[in-house]
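Subject: Structure handover

Hello,

Here is the structure I said I would pass on. My notes on what turned up in it follow below.

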Number of protein chains: 2
Amino acid sequence: MKTNDALKLDNQLCFPLYAASREIIKLYHVPLSRLGLTYTQYITMMVLWEEKHINVKELGKRLFLDSGTLTPLLKSLENQGYITRTRSSEDERVLVVELTAQGKKLKSKASNIPYEVGACVNLSPEEAGELYRLLYLLLNNISDT
Amino acid sequence: MKTNDALKLDNQLCFPLYAASREIIKLYHVPLSRLGLTYTQYITMMVLWEEKHINVKELGKRLFLDSGTLTPLLKSLENQGYITRTRSSEDERVLVVELTAQGKKLKSKASNIPYEVGACVNLSPEEAGELYRLLYLLLNNISDT
DNA sequence: TACAATTTAATTGTAACCAATCAAATGATT
DNA sequence: AATCATTTGATTGGTTACAATTAAATTGTA
């Protein structure tokens, strides 16, 4: 690559990552709005559908988000009746997040969303798999830094 | 994949895309803060370093952003003295964005940033190239929708 | 020419994001 | 026990992001 070209938008790896991320998240807008969820709230619920209960720190590690983002988001999910926020009795610093019955029920309402969105993305299984592999390679790579 | 697994975070293609995008953008924070730029302001300047002048609509197409994001961002770049915002005389609806002398000079100050950030990303050239290809495949694919 | 439709940015309102800081609880050291 | 350091979430402040709407200019058409 010519020295001067390093600042060209088309030569950045970060830019298509950033743009594709936002464009895909937009695809979630319509199906998620039917549930009253944002994308970030949705992936938070995903973790809870797997974990049943988790504290803010662990949740942040899973989602690569900090309390500055999670605290208001979790309060919103609490207001919507999907989760409870409780201080741990063993360690009052730790806030434990748990699903309510309504939060558990939401999972079945969301079950078709991955397929709905997936239908808009016409990558072959091989391409999707390779993209998945490279994204996690990158993600793990950066986390070490 | 088992039917129930479609809602697992680890089975989403979107999530590592979203997370990796944010993690990489964070790498830009330190070098960009030396210039007083955010990441979005930086990629906007990149387009201008290539194009010299461009209107908001075309800029939005390049960056996959709309006027709701760009209007305040461009006002900020204008306040910092890097660009001018002028209505086109042929069509008063169109706002033309151009670099100031200071905006042009900023390019040389930014010239090392791609290398600084690239040094934190240890993908092989082959992996980076393949990731780049797949991301644009995905991006073009979604844009058609 | 009228005037409806379209185009272009700007605005509004909501929700992320995150750097930086703070406050409270806990742990470690003496 | 007293004090310092660490951990955990919450808060603050500034900047995106984007859906939805608005306002103004332009274009198309009767």
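A backbone N or O atom of B:Val56 lies 3.2 Å from a phosphate oxygen of DNA strand C. This is a predicted model, so please read the distances here as computed from it. Two other contacts to phosphate oxygens of strand C are worth noting: a polar side-chain atom of B:Thr71 sits at 2.6 Å, and a polar backbone atom of A:Glu92 at 3.1 Å.

Several elements give two or more residues to the surface near DNA strand C. From chain A they are helix H2 (39-51) and helix H4 (67-79). From chain B they are helix H1 (14-35), helix H3 (56-63), helix H4 (67-79) and strand E2 (83-87).

In total, 28 residues surround DNA strand C, and the closest are A:Thr38, B:Tyr18, B:Lys57, B:Ser67 and B:Thr71. Of the strand C atoms that come within 4 Å of the protein, 80% belong to sugar and phosphate. The surface near strand C is made up of eleven charged, ten polar and seven nonpolar residues.

Now the other strand. DNA strand D has 28 residues around it, with A:Tyr18, A:Lys57, A:Ser67, A:Thr71 and B:Thr38 coming nearest. Sugar and phosphate make up 81% of the strand D atoms within 4 Å of the protein.

Three side chains of chain B can be listed for their distances to a phosphate oxygen of strand D:

- B:Thr38, through a polar side-chain atom, at 2.6 Å
- B:Gln41, through a side-chain N or O atom, at 2.8 Å
- B:Thr40, also through a side-chain N or O atom, at 2.9 Å

The elements that give two or more residues to the surface near strand D are helix H1 (14-33), helix H3 (56-63), H4 and strand E2 (83-87) of chain A, along with H2 and H4 of chain B. By class, that surface has eleven charged, ten polar and seven nonpolar residues.

The last item is a helix pair within chain B. The axes of helix H2 (residues 39-51) and helix H5 (residues 101-110) of chain B come within 10 Å and cross at roughly 110 degrees, which means H2(B) is roughly perpendicular to H5(B). Their crossing is left-handed.

On the H2(B) side, B:Tyr42, B:Met45 and B:Trp49 make the contact. They meet B:Gly103, B:Lys104, B:Leu106, B:Lys107 and B:Ala110 of H5(B). By class, this contact holds five nonpolar, two charged and one polar residue.

Regards

How values were computed:
Residues are numbered from 1 along each chain as its sequence is written. Chains are lettered from A and ligands numbered from 1 in the order in which they are written. This is a predicted model: local features need pLDDT of at least 70, side-chain atom pairs count only at pLDDT 80 or more; totals for chains, interfaces and linings use all residues. Side-chain values use heavy atoms; hydrogens and water are left out. A residue is near a molecule or strand if one of its heavy atoms lies within 4 Å of it. A polar contact is a pair of N or O atoms within 3.5 Å; within protein, one must be able to donate a hydrogen and the other to accept it, and residues adjacent in sequence count only if both atoms are side-chain atoms. Helices (H or I, at least four residues) and strands (E, at least two) are DSSP runs, numbered from the N terminus. Ala, Val, Leu, Ile, Met, Phe, Trp, Tyr, Cys and Pro count as nonpolar, Asp, Glu, Lys and Arg as charged, and the others, Gly among them, as polar. Axes are lines fitted to C-alpha atoms, for helices over the stretch in contact, and angles run from 0 to 180 degrees between N-to-C directions. Angles under 35 degrees count as roughly parallel, over 145 as roughly antiparallel, 65 to 115 as roughly perpendicular and the rest as oblique. A crossing is left-handed if the near helix is turned anticlockwise from the far one by less than a right angle, and right-handed if clockwise. Contact means heavy atoms within 4.5 Å.
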